[in-house]
Amino acid sequence: MGAIAVSKKEEHQIEKLRKELGIPTKSGLIRVALKTLEKKTHEERLRLEIQESVRRCGPADKRENQELLNAGVARRSSD
């Protein structure tokens, strides 16, 4: 793969960040940035999946908890 065109300002930002993080090369900085973005994207996707699951299953969980409470089966969560 070839070089990526960046502005002078972006080149300065890359160099400053590379030195600040102690990464010896620009390509190393790009690798770290890609891994970080991939992790952030994965975490966001997982967060959205969990939210959707809670939205979808929440009402049923509340009904089940209420039924257990009414039957005297409920436990304290601090135990």
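## Packing between the helices

The buried residues of helix H2 pack against helix H1, which spans residues 8–21. In this predicted model, the residues of H2 that count as buried are Gly 28, Leu 29 and Gly 58. Across the chain as a whole, which has 79 residues, 6% count as buried.

The secondary structure comprises 2 helices and 0 strands. The exposed area of the chain amounts to about 7,600 Å², of which carbon and sulfur atoms supply 57%.

## Helix H1

Helix H1 is built from 14 residues and reaches 20 Å from its first C-alpha to its last, close to the 20 Å expected at 1.5 Å a residue. After H1 comes Gly 22, a residue whose phi is positive, near 70°.

Within H1, Arg 18 and Glu 15 are joined by a salt bridge, with 2.8 Å between the closest N and O atoms. These two residues lie 3 residues apart in the helix, about one turn. As for their accessibility, Arg 18 has a relative accessible area of 14% and is therefore buried, since the cut-off for that class is under 20%. Glu 15, at 22% relative accessibility, counts as partly exposed.

## Helix H2 and its bend

Helix H2 runs over residues 26–70, a stretch of 45 residues, and reaches 63 Å from its first C-alpha to its last, close to the 66 Å expected at 1.5 Å a residue. The helix nevertheless bends by about 50° at Cys 57, and a proline, Pro 59, follows within four residues of that point. Gly 58, one of the buried residues of H2, is listed together with Gly 28 and Leu 29 in that class.

Just after H2, Gly 72 takes a positive phi of about 80°.

## Salt bridges along H2

The structure holds 4 salt bridges, among them the pair in H1 formed by Arg 18 and Glu 15, and two further pairs are described here. Side chains of opposite charge can pair when their charged atoms come close.

One of these pairs joins the side chains of Glu 44 and Arg 47, with an N to O distance of 2.5 Å. Both residues lie in helix H2 and are 3 residues apart, about one turn of the helix. Glu 44 is partly exposed, with a relative accessible area of 35%, and Arg 47 is also partly exposed, with a value of 39%.

In another pair, the side chains of Glu 52 and Arg 55 meet at 2.6 Å, N to O. Glu 52 and Arg 55 are separated by about one helical turn because they lie 3 residues apart in helix H2. Glu 52 has a relative accessible area of 33%, so this residue is partly exposed, whereas Arg 55, at 56% relative accessibility, counts as exposed.

## A nonpolar surface patch

Leu 46, Ile 50 and Val 54 make a nonpolar surface patch of about 270 Å². Of these residues, Leu 46 lies in helix H2, the helix that also carries the salt bridge pair Glu 44 and Arg 47. Leu 46 is partly exposed, with a relative accessible area of 40%, and this value satisfies the patch criterion because that criterion asks for over 30% relative accessible area.

Note on methods. Residues are numbered from 1 along each chain as its sequence is written. Side-chain values use heavy atoms; hydrogens and water are left out. The expected span of a helix is 1.5 Å times one less than its number of residues. The bend at a residue is the angle between axes fitted to the seven residues ending there and the seven starting there. Buried means under 20% relative accessible area, exposed over 50%, partly exposed in between (1.4 Å probe, protein chains only). Contact means heavy atoms within 4.5 Å. Patches are made of residues with over 30% relative accessible area and no salt bridge: like charges are joined within 9 Å, nonpolar side chains (Val, Leu, Ile, Met, Phe, Trp, Tyr) within 5 Å. Accessible areas come from the Shrake-Rupley method with a 1.4 Å probe; for residues, only the protein chains shown count as cover.
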